Amino acid sequence: MDVVSDAISAVRIGRPFSHRVRTGGRWCARLEPYDGAGFHVVLEGTCWLLPDGGAPVVLGPGDAALLPHGTGHVIADSPADPETVARAEPFVRWDGEGPARGTVPAPRPGEPVVVMLCGKYRLDRSHAHPLLAELPSLVHLRGHAGTSPELHAAVSLLACELGGEEAERPGSGIALPGLLDLLLVYMVRAWLDGGADGSAGGVWPAALGDPVAAAALRALHADPAAPWTVDRLAAEAGVSRATLVRRFTARVGRAPMTYLTWWRLTRAAALLRDGTEPLGSVARRVGYSTPYALSHAFRREFGVTPGRYRGEREGQESREGLEARGAGREAAFSPSASSAHPPASSPAGS
C-alpha cells in the first residue's frame with residue numbers, strides 16, 4: 001500500500017452513499033455539518049456552493065467538490081443573499097424515497113436544469129492520517145482542467161452509470177461505490193499535485209515530493225511489520241542515518257520511528273474496526289511480537305484496550321448502519337419530479 005491509499009483506508013467506513021439530484025428554477029438547500037466527507041459532482045448545468053465561513057464557489061458541468069471535513073454548506077441556483085440562505089430547504093427532506101413537499105418550485109419550461117450527484121463518505125476521524133487532516137475545508141476540481149483527465153473520465157462514467165431509468169442498472173451495486181471511491185482518490189491526488197482550486201502548499205505535498213522522505217514513507221507503508229531501524233530505513237532511502245532523520249522529521253513532523261509506531265497502532269485500530277481477526281494475528285500484522293505488547297502500546301495511544309475499542313466500534317457501526325438504511329440512490333428537488341424526467345446527459349466534452 002502507498003501512503004495515500006493507506007491514509008484513506010484507515011478512515012473509510014462502509015460504502016459511500018449518494019443521491020442523484022435534478023432541479024431547476026429558483027432553489028436553495030442546506031446540508032448540515034457531517035462527521036465524514038461530503039461531495040458534489042455536477043453532471044449538467046451550473047450551481048453554487050456556499051460553505052459555512054467560506055466564499056461562494058460556482059460549480060459547472062463536470063466539476064467536483066469535496067468537503068473532506070464535513071463542513072456545513074448550502075447549494076443553490078445562485079450566490080444567494082444571507083436571508084435566502086437562512087431559509088434554505090433542509091437537504092435531508094430529499095431522502096431518495098420520493099420528492100418532499102417543500103417550497104422549491106418545479107422547473108418551468110425553458111429554465112436551466114441542474115443535475116448533480118450529492119453524497120457522503122463515512123469516515124472514522126478518531127485516528128485520521130495527518131495527510132487527510134491537512135486537506136482544506138473545500139477541494140474544488142474543474143472537470144475540464146487538463147491536469148485532471150482521470151477525474152473527467154470518472155465523472156463521465158458516473159454520468160453514464162446514473163443516466164438511465166430510475167431502476168438500478170445491472171451491476172450498479174458494485175460499479176457506483178467503486179466509481180465514488182475513485183473520485184475520492186482523484187480529488188486527494190489533485191490536491192497533492194496542486195491542481196485543485198484553493199489548494200495551498202502543505203506539509204504532506206512537500207513530504208511526498210521529497211525523495212528521501214517519500215522513499216522512507218513508501219518503505220514503512222509497504223511493510224509496517226518489518227523490524228525497521230533508523231539504519232535500515234536510511235539504507236532503503238539511500239542516505240545516511242543523520243540525513244534521513246533530519247529530512248524525514250522536517251517534512252513529516254515526526255521522527256521516523258515515532259511515525260512508524262503511530263502508523264502501526266493506527267493500522268491496528270483499522271484492522272480491529274473492520275475485521276474479526278484475533279488480537280495475536282493483528283499484533284503480528286502490524287509488527288508487535290505479542291498481543292500483550294500491542295495492547296500496552298494501543299492503550300497508551302488510544303486510551304482503551306484493543307478489545308474495548310473493537311466493541312465500541314461494532315456498536316457504533318450498528319447504529320450508523322440503521323441510520324443509513326433506506327438512503328436512496330436518487331432524489332429530486334422538485335415536488336413534481338418523477339421517473340418521467342429525461343436522463344442526465346454526460347458532462348460537456350465527455
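A crossing of two helices is called right-handed if the near helix is turned clockwise from the far one by less than a right angle. I'm opening with that because α7 passes α10 in just such a right-handed crossing. One caveat before we go on: what you see above is a predicted model.

So, let's stay with that pair for a moment. The axes of α7 and α10 come within 11 Å, and they cross at roughly 35 degrees. Who actually meets whom? On the α7 side we have Leu217, Leu220 and His221, and on the α10 side Pro256, Tyr259, Leu260 and Trp263. Sort that contact by class and you get six nonpolar residues, one polar and no charged.

Okay, let me zoom out. The protein chain has 350 residues, and 48% of them count as buried. In terms of secondary structure, the chain has 13 helices and 10 strands. And if you take the contacts with a separation of 6 or more, 77% come from residues 24 or more positions apart. Keep that last number in mind, since some sequence-distant pairs are coming up.

Now the other helix pair I wanted to show, α4 and α5. Helix α4 covers residues 149–161 and helix α5 covers residues 172–193. Their axes are 10 Å apart and the packing angle is about 155 degrees. Anything over 145 counts as roughly antiparallel, so that is what we call α4 and α5. Left-handed or right-handed, this crossing of α4 and α5? Left-handed. On the α4 side, the contact is made by Glu150, Leu151, Ala154, Leu157, Leu158 and Glu161. From α5 come Ser172, Ala175, Leu176, Leu179, Leu180, Leu183 and Tyr186. By class, that contact has 10 nonpolar residues, one polar and two charged.

Please remember Leu183, because we need it for the core. The largest nonpolar core has 58 residues, and the members that touch the most others are Tyr121, Leu131, Leu183, Val188 and Tyr259. Which element gives this core its largest share? That would be α5, with 10 residues. As for Leu183 itself, leaving out anything up to four places away in sequence, its partners are Phe39, Val41, Ala64, Tyr121, Leu151 and Leu158. There is also another core, lying apart from the largest one, with 17 residues, and Trp27, Leu67, Phe91 and Met116 are among them.

Let's go to the N-terminal end and look at helix α1, residues 3–11. This helix is mostly covered, with seven of its nine residues buried. The buried ones are Val3, Val4, Asp6, Ala7, Ile8, Ala10 and Val11. And what do those buried residues pack against? Quite a list: β9, α3, α5, α6, α7 and α10. So our α5, and both partners from the opening crossing, turn up here again.

Right after α1 comes the loop leading to β1, and I picked out two residues there. Gly14 is in that loop, and with a relative accessible area of 49% it is partly exposed. Its C-alpha atom is separated by 9.0 Å from that of Asp274, although the two are 260 residues apart along the chain. Pro16 sits in the loop between α1 and β1 too. Buried or exposed, this Pro16? Its relative accessible area is 9%, under the 20% limit, so Pro16 is buried. The C-alpha atoms of Pro16 and Leu180 are separated by 6.9 Å, with those positions 164 residues apart along the chain. Setting aside sequence neighbours up to four places away, Pro16 touches Lys120, Tyr121, Pro177, Leu180 and Asp181. Tyr121 is one of the well-connected core members I listed earlier, and Leu180 is in the contact of α5 with α4.

Two more residues and I'm done. Trp262 lies in helix α10 and is buried, at 8% relative accessible area. Beyond four places in sequence, Trp262 touches His127, Ala128, His129, Pro130, Arg254 and Glu301. Trp262 and Ala297 are 9.6 Å apart, C-alpha to C-alpha, and 35 residues apart in sequence.

Finally, Thr84, which is in helix α2. This one has 21% relative accessibility, and buried means under 20%, so Thr84 counts as partly exposed. Its C-alpha atom and that of Ala29 are separated by 9.9 Å, and the two residues are 55 apart along the chain.

Definitions and conventions: Residues numbered from 1 in each chain as written. Predicted model: local features only at pLDDT ≥ 70, side-chain atom pairs only at ≥ 80, totals over all residues. Heavy atoms only, no water. Axes fitted to C-alpha atoms, helices over the stretch in contact; angles between N-to-C directions. Helix = DSSP H or I, 4+ residues; strand = E, 2+ residues; numbered from the N terminus. Parallel < 35°, antiparallel > 145°, perpendicular 65-115°, else oblique. Contact = heavy atoms within 4.5 Å. Nonpolar A, V, L, I, M, F, W, Y, C, P; charged D, E, K, R; others polar. Core = buried A, V, L, I, M, F, W, Y, C linked by side-chain atoms within 4.5 Å. Buried < 20%, exposed > 50% of the residue type's maximum accessible area, 1.4 Å probe, protein only.
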